[in-house]
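Me: I am new to this structure and would like to learn how to read its features step by step. Could we begin with a single residue and work outwards from there?

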Amino acid sequence: MGSVGVAMKVFGRVLNDVVSFFVFSALDLLDVLLCMVYKLADYAFESEWKPCYCSSSSAGDRITGGGNILVSERGGPSRVVCLCNSKIQLEDISDTLFDRPSLVSDVCKSTAEELKRLKSSSSSSSLSSSSGKKSRFVLQKSRPALRSSAVTINSTIVEMLQGKIGRLKSTPIPRWSDCDCTTCTSWSSSSSKETLFVHVEGAKENVKEDVLFIHGFISSSKFWTETVFENFRDETKRDYRLIAVDLLGFGRSPKPADSLYTLREHLDMIERSVLEPYNVKSFHIVAHSLGCILALAIAVKYPNSIKSLTLLAPPYFPVPKGEMGTQFVLRRVAPRRVWPLIAFGASVAGWYEHISRTICLVICKNHRIWDFFAKQITRHRVKTFLIEGFMCHTHNAAWHTLHNIICGSAGKIGGYLDTVNERLTCDVTVFHGRDDELLPVECSEAVRSKIPRAHLKVVEKKDHITIVVGRQKAFARELEEIWNNSSKNN
């Protein structure tokens, strides 16, 4: 029976590989076709062509404004340097946004290279003239200018930064393919554009300690407020101020169309919306999935302010030596496989810019309809907050956050964990569902290997969502114990 079981597993793996190859090859072609469809649709609805990451046009002709955008490359991830109001900002842009190898892209690249080879062989002058068209930029300081270096810049990033910094274009709010309901657009008023949506419960006076809750990818603050917030004891709500935010681009928070949703932008918004206005000086952090990356970044920036760090299903994949971190994480999070279904969904979301936009057009733009049907089917007996959290975002926000945070932070998380281990003295607790098919338990085990003092709790028969949903009362008790122990130790 053992040999039969092994044979069946091997057969299933091979079948999954074969089916996945044909399915994703077809999706590669479909995404190219949808690119052309959306180019025409954007022009028809918004009277201008919108950039996308499958565009091969050169960025050189698009950069204007007297050097407002400078780009440098030092052998690592692409870094876009923006000059705005005499302030230089360094934005980390993941190369997975515009470099996602596939069968179609490989064929296109091979064809392009062959055409270039034929052209260069017929006329050597063509090569020199074409190479002269490549964008060259110099990052200058007050000292003598540095040597110029040739770098290739994705035109989409340049166009979006132009709109963001110089406001060269007026992007409609919302875009034609985004939802225009009150919930999704409430942030567009002048008073709400600069801060996140923040839900606060618990102590209002004589606050003992603050707790910051950060949700995961395509979710919202309701992941916390509709689960654990309702199950905290009265004593906890009397002593602790519980703060849950909708991250930039999700829930009821701003969803700017000109944002690249980088780590810097997410952190700046959390500081501006929570830490500064609520005068948060010493606090606990509870974070799920993608939120764990932001939690670690905050902990590293405020090492003396963190009372405890609770991470649920952290997306940490140690990058093997010689591998490009961003591409490695993309392949682990989105493995281009049809099974399990959650991996298929992640693969579509991570690899296909235009297919994922179509899904957002069908689901997110019409989330009120889906929510209505869900309530009718369940006869209002089941809370639909997960549906709302999953659907209240824009494609632009989800696409950039996935690549620039989850993939783009691949080379940073290890350093964050080392800093937490060496500089922070707070308690670190990690929870992970044994049946999590999106992020395996090995992610949390890797976190503990970097922070030996961390407490790892693997919850049996729970997955990426049910690590909280369905066991919210038990999790609320666990959090209360963590906070109480932290107060005693400090």
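Reply: Bear in mind that this is a predicted model. Let us start with Val-18, whose place is in helix H1, spanning residues 2-46.

Me: Is Val-18 buried, partly exposed or exposed?

Reply: Buried means under 20% relative accessible area and exposed means over 50%; Val-18 counts as partly exposed because its relative accessibility is 41%.

Me: Which residues make the nonpolar surface patch with Val-18?

Reply: In general, an α-helix has 3.6 residues a turn, so residues three or four places apart point the same way. Here Val-18 joins Val-6, Val-10, Val-14, Phe-21 and Phe-22 in a nonpolar surface patch of about 560 Å².

Me: How should I read a helix such as H8, and which of its residues are buried?

Reply: Helix H8 (residues 263-275) is largely enclosed by the rest of the structure, because 10 of its 13 residues are buried. Among them are Leu-263, His-266, Met-269 and Val-274, and also Glu-265 and Glu-271.

Me: In what order do the strands of the open sheet lie?

Reply: Strands of a sheet pair through backbone hydrogen bonds, either parallel or antiparallel. In this model seven strands form an open sheet with mixed pairing, in the order E6-E8-E7-E9-E10-E11-E12. Strands E6 (198-202) and E12 (455-459) are the edges, each pairing on one side only, and the twist from one strand to the next averages 15°.

Me: How many bridges join E10 to E11?

Reply: Five bridges join E10 (residues 306-312) to E11 (residues 427-433), and the two strands run parallel; Leu-309 stands opposite Val-428 in E11. Helix H17 (residues 442-450) lies across E11 and E12, running at about 165° to E11.

Terms used
Residues numbered from 1 in each chain as written. Predicted model: local features only at pLDDT ≥ 70, side-chain atom pairs only at ≥ 80, totals over all residues. Heavy atoms only, no water. Patch = residues over 30% accessible without salt bridge, like charges linked within 9 Å, V, L, I, M, F, W, Y side chains within 5 Å. Areas by Shrake-Rupley, 256 points an atom, 1.4 Å probe, with all protein chains shown as cover. Salt bridge = Lys/Arg side-chain N within 4 Å of Asp/Glu carboxyl O. Helix = DSSP H or I, 4+ residues; strand = E, 2+ residues; numbered from the N terminus. Buried < 20%, exposed > 50% of the residue type's maximum accessible area, 1.4 Å probe, protein only. Pairing = 2+ DSSP bridges. Axes fitted to C-alpha atoms, helices over the stretch in contact; angles between N-to-C directions. Contact = heavy atoms within 4.5 Å.
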